[in-house]
Amino acid sequence: MTDFEPSGLLIDYFYICKRKLYLYFYKISFENTNDAIQIGKEIEESFFKDSLKSITVANSKIDFITIEDKVVVHEIKKSKAFESAHIWQVKYYIYQLRQKGIDSEYGIIHYLLLKRKISVNFNEMDQARIQEAIEKIREILSLSQPPQVIKKPFCSKCAYYEYCYI
Amino acid sequence: MKRNYYIFSSGRIKRKENTILFENKQEKKSIPVQDVDSLYLFGENDLNSKFLDFASKHEIKIHIFNYYGFYSGTYYPRETNLSGHVVVKQVENYLNKEKRAYLARKFVQSAIHNMKRNLQKRTIDYDPEEYLSELSTRLEDKIEIQEIMSLEAAARKYYYSLWENITKWKFEKRTYKPPENPLNSLISFGYSLLYTTTLSEIYKTHLDPKISYLHEPFEKRFSLSLDISEIFKPIFIDRIIFRLINNKMISDNDFQMNELGVFLNEEGRKKFVKEYDTLINSTILHRNLKRKVRYSSLIRLECYKIIKRLIENQEYKPLKAWW
């Protein structure tokens, strides 16, 4: 686990729920019975149709990029419920690109249903915080058991709700 | 919400563009593919590999029954919920004698509780509490699967001995190869329906249906499905049987008899399946989840509890009917 590099989604989950991060990593996912996930996928596809070309950097799948004077990372989301986690996910993509020597310092999150965009900047402070997060993710994934249930109001909408609360 | 489709007629089932088409000389019917959880085939049906491929893509399980209504097998599509982690833990819990016995005991204790619940709900001149509770207590320290199995058999034997009293139908004893009287054939048919539903629900989780605890994994069936079915037999199938009989919904005319034994005929099977389908699709307010769940989902939730036991080493509290 020491040189394991998380995917962008794991970063997102790290900021939402450590237990979800763990379960998802070990392929214990209950999402295929959840209609919300299907809806999300359909929306993503129908909004961007042909222009949607995801690219893969390290083990992350970036929804799409555009090139201005630097590379701009784009991430598509349905709702703003976990905005700060989304921001860190985009920052992490930028971090990964920069590790590969690709010049990038900002990204855009598209909130499709809200018809809103927010931009995400990346600075040197973020670099350190991301490295810290990666370290913590490695620690969590090395645990022999998943972290405890967090009991948040948003749990009831999670695909893991039934598993966690049964 | 996906549901089960039961096909009693004989004919051809095929993929027609993006739907399922059933046809024979008399009729043509299409079934929307996204709507199907499992298909139950009771008639003689032709299907081809193109159709099976289509079924796999949509994760449709196909359960096949023979002419006598005996379960013959399941077309179990390629697994999509794979977690090496869960399978490793599932095997670990099988290989460790104490861990295996723990799960086996829990299945039986839950089954006994649910049998007791059925007896309590019916006014018969027995005090079922005493003997069944005693068996349940005697299970506590058992490590040998053989002993657990025989306590389960004792509980079931006692429980069945009260059935003539409940149904006023002849029972004598449980016979299943072949069922020797109508009551036994109802039980056999019902339990095989439950086995298939359990298998379909296990499919939706990460559990490997071949690795079991109470039953031996080298039995010819998906033995975890047998394990989990034990919990649900009394509250799903037995209750349907009592209802069918006591409400006079089923009679001698619904059975056929031949040298192989006593079986439900097509009419009888239709009646049973109708009750069964209504039951598994009805909902109940779940005490922990505080939301309504379908009866069939109770089985999936039971699988979740087992997964939790396996990967988090938590206490496993099997379903104990409260209604």
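Glu275(B) comes out as buried, at 16% relative accessibility. This is in a predicted model, and the residue makes a handy way into the salt bridges of chain B. The side chain of Glu275(B) meets that of Arg243(B) in a salt bridge, with N to O at 3.2 Å. Arg243(B) sits in helix H8 (residues 223-246) and Glu275(B) in helix H9 (residues 266-281) of chain B, so the pair ties together parts that are 32 residues apart in sequence. Unlike its buried partner, Arg243(B) counts as partly exposed, at 30% relative accessibility.

Helix H9 of chain B also holds a salt bridge of its own, between the side chains of Lys270(B) and Glu266(B) (3.2 Å, N to O). These two residues are four apart, about one turn of the helix. An α-helix has 3.6 residues a turn, so residues three or four places apart point the same way. Both ends of this bridge are partly exposed: Lys270(B) has 34% relative accessibility, and Glu266(B) has 39%.

Helix H10 of chain B has a similar story to tell. Here the side chains of Lys305(B) and Glu302(B) form a salt bridge at 3.0 Å, N to O. Being three residues apart in H10, Lys305(B) and Glu302(B) are separated by about one helical turn. This time both partners are buried. That goes for the helix too: 18 of the 18 residues of H10(B) are buried, so H10(B) is largely enclosed by the rest of the structure. As for its length, the 18 residues at 1.5 Å each should span 26 Å, and the end C-alpha atoms are indeed 26 Å apart. Just past the end of H10(B), Asn313(B) takes a positive phi of about 55°.

H10(B) matters again where the chains meet. In all, 20 residues of chain B are in contact with 19 residues of chain A. The two chains bury about 1,900 Å² between them, with 53% of that on carbon and sulfur atoms. Ten residue pairs are in polar contact between chain B and chain A, counting pairs with both residues at pLDDT 80 or more. On the chain B side, the elements giving two or more residues are helix H2 (84-95) and helix H10 (295-312). H10(B) gives the most, with eight residues. By class, that side of chain B has seven nonpolar, eight polar and five charged residues.

Salt bridges between chain B and chain A number two. One salt bridge joins the side chains of Glu312(B) and Arg19(A), at 2.9 Å from N to O. There is also a salt-bridge network that takes in residues of both chains, linking Glu162(A) with Asp37(B), Lys61(B), Glu201(B), Lys204(B) and Arg300(B). Over all chains, the salt bridges come to 34.

The loop between helix H6 (163-167) and helix H7 (182-203) of chain B is where some backbone oddities turn up. Pro178(B) lies in this loop, and a cis peptide bond joins Lys177(B) to Pro178(B), with omega about 5°. Lys168(B) is found in the loop as well; its phi is positive, about 65°, although Lys168(B) is not a glycine. Glu172(B), another residue of the loop, has a positive phi near 60° and is likewise not a glycine. Both side chains belong to exposed residues, with relative accessibility of 65% for Lys168(B) and 58% for Glu172(B).

Key
Residues are numbered from 1 along each chain as its sequence is written. Chains are lettered from A and ligands numbered from 1 in the order in which they are written. This is a predicted model: local features need pLDDT of at least 70, side-chain atom pairs count only at pLDDT 80 or more; totals for chains, interfaces and linings use all residues. Side-chain values use heavy atoms; hydrogens and water are left out. Contact means heavy atoms within 4.5 Å. Buried area is the accessible area (1.4 Å probe) that two parts lose on being put together, summed over both. A salt bridge is a side-chain nitrogen of Lys or Arg within 4 Å of a carboxyl oxygen of Asp or Glu. A polar contact is a pair of N or O atoms within 3.5 Å; within protein, one must be able to donate a hydrogen and the other to accept it, and residues adjacent in sequence count only if both atoms are side-chain atoms. Ala, Val, Leu, Ile, Met, Phe, Trp, Tyr, Cys and Pro count as nonpolar, Asp, Glu, Lys and Arg as charged, and the others, Gly among them, as polar. The expected span of a helix is 1.5 Å times one less than its number of residues. Buried means under 20% relative accessible area, exposed over 50%, partly exposed in between (1.4 Å probe, protein chains only).
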